[in-house]
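User: Please take one part of this predicted model and examine it closely. I should also like to understand how that part belongs to the whole.
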Amino acid sequence: RNMRLTMLIVFLVYGVQAGQWAICGYVGEQAGLTGGQVGLYLALSSLAGFLGAIVPSTTHDKTKRRHLVLAGLLIMAASIYFLFNVHAAWVFAAAQVFVNVGFYITTPFVTGILTENDADGSLMSRILVIAIVGATIGTAVAGPIYTAAGPSVFAWSCLIPLAVAAVFASSIFGH
């Protein structure tokens, strides 16, 4: 049961990450950025986001995992909320950095749970497929949701899956 929930977390987090990334050009445009500026900020945010990976690499206490995973998901959620509801260049840049920071805090812990329970490597093989499917679906539905419902509703279409992932993470990491 926990492995299925872990896989669902991966699916949801990758779907949200890819979905918000897919429409960043539109969001950046609303914030008054050029295409070149959007590309630069996205590239820089990817690099800066790796700072989030420092958190799981320095945490050896299993009892802190739950709080850190939930913090990572909260950082992603708050960043996405601001990204789609406050249209300013500095918010765009900061939100993208923090979406990536939250992502890189969360995903190593989640994949770590899988590797701890993966005697033959099959779970890690499956999780790659699940991550790609999540990212593909997130990308595919992002544009239609955004154009049909607008940025605020799109934000909620990302926040709800992150909330579900947080509930699953609480269950998995609460033991």
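Analyst: The radius of gyration is taken over C-alpha atoms, and the globule rule is 2.2 Å times the number of residues to the power 0.38. For the 175 residues of this protein, a compact globule would have a radius of gyration near 16 Å, and because the protein itself has 16 Å, the two agree. Its C-alpha trace spans about 50 × 30 × 25 Å along the principal axes.

The model is predicted, so local features need pLDDT of at least 70 and side-chain atom pairs count only at pLDDT 80 or more, while totals for chains, interfaces and linings use all residues. Residues are numbered from 1 along each chain as its sequence is written, and side-chain values use heavy atoms, with hydrogens and water left out.

The setting comes before the close view. Eight helices and zero strands make up the secondary structure (helices are DSSP runs of H or I with at least four residues, strands are runs of E with at least two, and numbering starts from the N terminus). Along the sequence, the pattern reads α-α-α-α-α-α-α-α. Of the 175 residues, 43% are buried (buried means under 20% relative accessible area, exposed over 50%, and partly exposed in between, with a 1.4 Å probe and protein chains only). Contacts, in which heavy atoms lie within 4.5 Å, often link distant parts of the sequence: among those between residues at least 6 apart, 85% join residues at least 24 apart.

The part chosen for the close look is helix 1, which covers residues 2-22. Two of its residues, Phe11 and Gly19, serve as guides. Phe11 counts as partly exposed because its relative accessibility is 26%. Leaving aside neighbours within four places in sequence, Phe11 is in contact with Ile130, Val133, Gly134 and Ile137. The link to Gly134 illustrates how sequence and space may diverge: Phe11 and Gly134 are 123 residues apart along the chain, yet their C-alpha atoms are separated by 4.5 Å.

Gly19 provides a second view of helix 1. With 2% relative accessibility, Gly19 counts as buried. Gly138, Thr139, Ala142 and Phe154 touch Gly19, when residues up to four places away in sequence are not counted. Gly134 appears here too: from Gly19 to Gly134 the C-alpha distance is 9.3 Å, across 115 residues of sequence.

Other residues help to place helix 1 in its surroundings. Asn117 sits in the loop between helix 6 (89-116) and helix 7 (122-149), and is partly exposed because its relative accessible area is 45%. Apart from residues up to four places away in sequence, Asn117 touches Met3 and Leu123. By contrast, Asn117 and Tyr41, which are 76 residues apart along the chain, have C-alpha atoms separated by 37 Å.

Ser45 belongs to helix 3 (residues 35-49). At 0% relative accessibility, Ser45 counts as buried. Beyond its neighbours within four places in sequence, Ser45 is in contact with Trp21, Gln96, Val97 and Asn100.

Gly25 is located in helix 2 (residues 24-30). Since its relative accessibility is 38%, Gly25 counts as partly exposed. Between the C-alpha atoms of Gly25 and Gly39 lie 8.2 Å, and along the chain the two are 14 residues apart.

Aromatic rings complete the account. Rings of Phe, Tyr and Trp (its six-membered ring) pair if their centres lie within 6.5 Å, and planes under 30 degrees apart count as stacked, over 60 as edge-to-face and the rest as tilted. The whole structure holds nine aromatic pairs, and one aromatic cluster is formed by Tyr14, Phe50, Phe103 and Tyr104.

In summary, helix 1 contains the partly exposed Phe11 and the buried Gly19; Phe11 is in contact with Gly134, while the C-alpha atom of Gly19 lies 9.3 Å from that of Gly134.
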